[in-house]
There are 2 protein chains.
Amino acid sequence: MRLTAYTDFSLRVLIRLALRPAELATIAEIAALYGISEHHLTKVVHKLGVAGYVETVRGRGGGLRLAKSPAQIGVGDVVRRMEPDLRIVACLRDAESCRIAPACVLSTALGRALTAFMAELDRYTLADLVAKPRRLGRLLGVEPADPVGADE
Amino acid sequence: MRLTAYTDFSLRVLIRLALRPAELATIAEIAALYGISEHHLTKVVHKLGVAGYVETVRGRGGGLRLAKSPAQIGVGDVVRRMEPDLRIVACLRDAESCRIAPACVLSTALGRALTAFMAELDRYTLADLVAKPRRLGRLLGVEPADPVGADE
């Protein structure tokens with residue numbers, strides 16, 4: 001059971017942007033920071049834009065930045081928007097796929113487990129993910145914008 | 001985010017066996033019941049045997065049956081044994097895969113979410129999954145062994 005790399009990359013992009021929320025970053029820069037494909041990241045950023053999490057400024061000197069404050073971006077919501085399929089077994093996607101679906105306690109159990117999983121993620125916002133801006137910034141080689149409330 | 005078909009099939013095999021725990025069933029029969037590949041199911045049953053959930057009787061008239069009572073088989077434990085990888089993002093498999101891993105609150109959040117997911121599954125045993133034996137049996141075309149405590 002894994003989240004797609006797509007969702008993983010989405011969250012990492014948001015973490016990087018949240019370190020300097022007022023400034024533009026480029027896809028090339030973020031791809032290099034994490035050592036991931038610029039091609040993949042372009043698709044991720046497009047979908048983050050459609051979902052309203054980032055905004056893009058075109059042209060020379062352009063780039064992307066957060067479209068909302070980190071405290072307004074729920075981690076559970078990002079996963080719901082970015083993960084292509086959270087129906088973790090076939091019967092939750094298509095009840096016809098399993099003949100015991102109409103009486104299956106297992107699908108109920110798995111549904112509850114997924115609800116518990118998402119409820120845990122709903123306790124976090126992007127602001128929580130960057131609660132240690134200096135340590136994160138040092139690991140990424142990016143100076144955090146605001147040392148107020150910094151971690152050291 | 002999906003469980004593998006492997007884990008899904010494992011649980012479905014156990015549900016079928018729990019309907020008539022004392023009797024032998026065959027892989028061919030179970031594959032036909034669920035409309036899934038006999039080849040896949042052979043691998044699933046082998047691993048269920050290694051994990052101690054089923055026992056196999058060889059030869060003519062042979063087959064497989066539960067090696068424990070349904071109440072002794074925890075759903076969370078089956079998922080832990082059968083799912084190839086529950087480390088839902090790359091950094092939980094390999095901290096080197098992401099440079100912010102040492103300071104990442106996201107990996108903590110995802111780890112807690114997975115714990116909540118598994119805790120919910122740990123509330124169920126195989127006995128709970130076959131708590132409606134008559135309905136399940138009718139859907140599978142299998143007469144439940146014991147009508148005591150039946151659902152209708």
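Which element of chain A has the lowest mean pLDDT, and which the highest? Colour this predicted model by pLDDT and look. Helix 5 of chain A, residues 90–93, has the lowest mean at 76. Strand 2 of chain A has the highest at 95. Chain A as a whole averages 88, and 95% of its residues score at least 70. For the complex, the predictor gives an ipTM of 0.86 and a pTM of 0.87.

**Stop 1: chain A as a whole**

Select chain A and show it as a cartoon. You should find eight helices and two strands. Trace from the N terminus: the elements run α-α-α-β-β-α-α-α-α-α. The C-alpha trace spans about 55 × 35 × 25 Å along its principal axes. Of the 152 residues of chain A, 37% count as buried. Now consider contacts between residues at least 6 apart in sequence. In chain A, 57% of them join residues at least 24 apart.

**Stop 2: the hairpin**

Select residues 54–57 and 63–66 of chain A. These are strand 1 and strand 2, paired in the antiparallel sense over four bridges. Pick Glu55(A) and look across to strand 2: its bridge partner there is Arg65(A). Then move to the turn. Five residues lie between the two strands of this hairpin. Gly59(A), in the turn, has a positive phi of about 90 degrees.

Switch to chain B and select residues 54–57 and 63–66. Strands 1 and 2 of chain B also pair in the antiparallel sense, over four bridges. Here Glu55(B) has Arg65(B) as its bridge partner in strand 2. In the turn of this hairpin, Gly59(B) has a positive phi of about 90 degrees.

**Stop 3: the loops around helix 2**

Go back to chain A and select Glu23(A). It sits in the loop between helix 1 (5–19) and helix 2 (27–34). Is Glu23(A) buried or exposed? Glu23(A) counts as exposed, because it has 12 C-beta neighbours inside 10 Å.

Follow the chain past helix 2 and select Ile36(A). This residue is in the loop between helix 2 and helix 3 (38–50) of chain A. Ile36(A) is buried, because 20 other C-beta atoms lie within 10 Å. Leave out residues up to four places away in sequence, and Ile36(A) touches Phe9(A), Ala31(A) and Leu41(A). Now draw a distance from Ile36(A) to Cys104(A). They are 68 residues apart along the chain, and their C-alpha atoms are separated by 41 Å.

**Stop 4: Phe117(A)**

Select helix 6 of chain A, residues 105–121, and find Phe117(A) on it. Phe117(A) has 26 other C-beta atoms within 10 Å, so it is buried. Which residues is Phe117(A) in contact with, leaving aside its neighbours within four places in sequence? They are Ala113(B), Leu114(B), Ala116(B) and Phe117(B).

Two distances place Phe117(A) within its own chain. Gly76(A) is 41 residues away along the chain, with a C-alpha separation of 9.1 Å. Glu23(A) is 94 residues away in sequence and 33 Å away in space, C-alpha to C-alpha.

**Stop 5: the contact between the chains**

Show both chains and select the residues in contact. Chain B gives 39 residues and chain A gives 39 residues. On the chain B side, four elements give two or more residues: helix 1 (5–19), helix 6 (105–121), helix 7 (126–129) and helix 8 (133–140). Helix 6 of chain B provides the largest share, eleven residues. Colour that side by class: 29 residues are nonpolar, none is polar and ten are charged.

**Stop 6: the symmetry**

Superpose chain B on chain A. A rotation of 180 degrees with 0.0 Å of shift along its axis does it, at an RMSD of 0.0 Å. That is the relation of a two-fold axis. The same surface serves both copies, and 100% of the contact residues of chain B recur in chain A.

**Last stop: the core**

Select the largest nonpolar core, which has 88 residues. Those touching the most other members are Leu14(A), Ile15(A), Val13(B), Leu14(B) and Ala18(B). Finish on Ala18(B). Not counting residues up to four places away in sequence, Ala18(B) touches Leu66(B), Pro70(B), Leu126(B), Leu129(B) and Val130(B).

Terms used:
Residues numbered from 1 in each chain as written. Chains lettered and ligands numbered in written order. Predicted model: local features only at pLDDT ≥ 70, side-chain atom pairs only at ≥ 80, totals over all residues. Pairing = 2+ DSSP bridges. Least-squares fit on C-alpha atoms with pLDDT ≥ 70 in both. Contact = placed C-beta atoms within 7 Å. Core = buried A, V, L, I, M, F, W, Y, C linked by C-beta atoms within 7 Å. Nonpolar A, V, L, I, M, F, W, Y, C, P; charged D, E, K, R; others polar. pLDDT = per-residue confidence, 0-100.
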